Amino acid sequence: MKADLEKQKIASNRGFLVLEWVIGLAVLASAAVAVSSLLVAAANLSEQQREKAFDRDLQRQNIRLERQLQQHQRFLQLH
């Protein structure tokens, strides 16, 4: 009888240990998903920032080219 109780105790302890491992793995998997989501969000943000910087550079180039074009047109009108 005592041997049966001891076996049940050991089995119960093993069950809790397995359950702890499963919960631990689930927590780790959840943390990994959260970290990967943060990395994707950061990559998207930096991509958006690069796109904005590229757009600003294009706008500056357009403004510079428009000014040059206006200067050339004035020059041609004068001559």
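Biologist: Is Asp57 buried, exposed or partly exposed?

Modeller: In this predicted model, Asp57 has a relative accessibility of 41%. Buried would require under 20% and exposed over 50%. The value for Asp57 lies in between, so the residue counts as partly exposed.

Biologist: Which residue does the side chain of Asp57 meet in a salt bridge?

Modeller: Side chains of opposite charge can pair when their charged atoms come close. The structure holds 1 salt bridge. In that salt bridge, with 3.4 Å from N to O, the side chain of Asp57 meets that of Arg60.

Biologist: How many residues apart are Asp57 and Arg60 in helix 1?

Modeller: Both residues belong to helix 1, which covers residues 2-78. They are separated by about one helical turn, because their spacing in the sequence is 3 residues.

Biologist: How many helices and strands does the protein have, and what is its radius of gyration?

Modeller: The protein has 1 helix and 0 strands. For 79 residues the globule rule gives 12 Å, and the protein is well over this, so it is more spread out than a compact globule. Its radius of gyration is 34 Å.

Biologist: What box do the C-alpha atoms of the protein fill, and what share of the residues count as buried?

Modeller: Taken along the principal axes, the C-alpha atoms fill a box of roughly 115 × 5 × 5 Å. A residue counts as buried under 20% relative accessible area. Of the 79 residues, the share that count as buried is 0%.

Biologist: How far apart in space are Glu47 and His72?

Modeller: Glu47 has its place in helix 1, and at 39% relative accessibility it counts as partly exposed. In sequence, Glu47 and His72 are 25 residues apart. From C-alpha to C-alpha, their separation in space is 37 Å.

Biologist: Which residues make the nonpolar surface patch?

Modeller: One member is Leu19, which is found in helix 1. Leu19 is partly exposed, with a relative accessible area of 44%, and patch residues need over 30%. The patch covers about 400 Å² and is made by Phe16, Leu19, Ile23 and Val27.

Biologist: What part of the area exposed by the protein do carbon and sulfur atoms supply?

Modeller: The protein exposes about 7700 Å². The part of this area supplied by carbon and sulfur atoms is 63%.

Biologist: How far apart are the mean positions of the positive and negative charges?

Modeller: The protein has 11 positive and 8 negative charges. Each set has a mean position, and the two mean positions are separated by 5 Å.

Terms used: Residues numbered from 1 in each chain as written. Predicted model: local features only at pLDDT ≥ 70, side-chain atom pairs only at ≥ 80, totals over all residues. Heavy atoms only, no water. Salt bridge = Lys/Arg side-chain N within 4 Å of Asp/Glu carboxyl O. Helix = DSSP H or I, 4+ residues; strand = E, 2+ residues; numbered from the N terminus. Buried < 20%, exposed > 50% of the residue type's maximum accessible area, 1.4 Å probe, protein only. Patch = residues over 30% accessible without salt bridge, like charges linked within 9 Å, V, L, I, M, F, W, Y side chains within 5 Å. Areas by Shrake-Rupley, 256 points an atom, 1.4 Å probe, with all protein chains shown as cover. Rg over C-alpha atoms; globule rule 2.2 N^0.38 Å. Lys, Arg positive; Asp, Glu negative; His and termini not counted. Charge placed at Lys NZ, Arg CZ, Asp CG, Glu CD.
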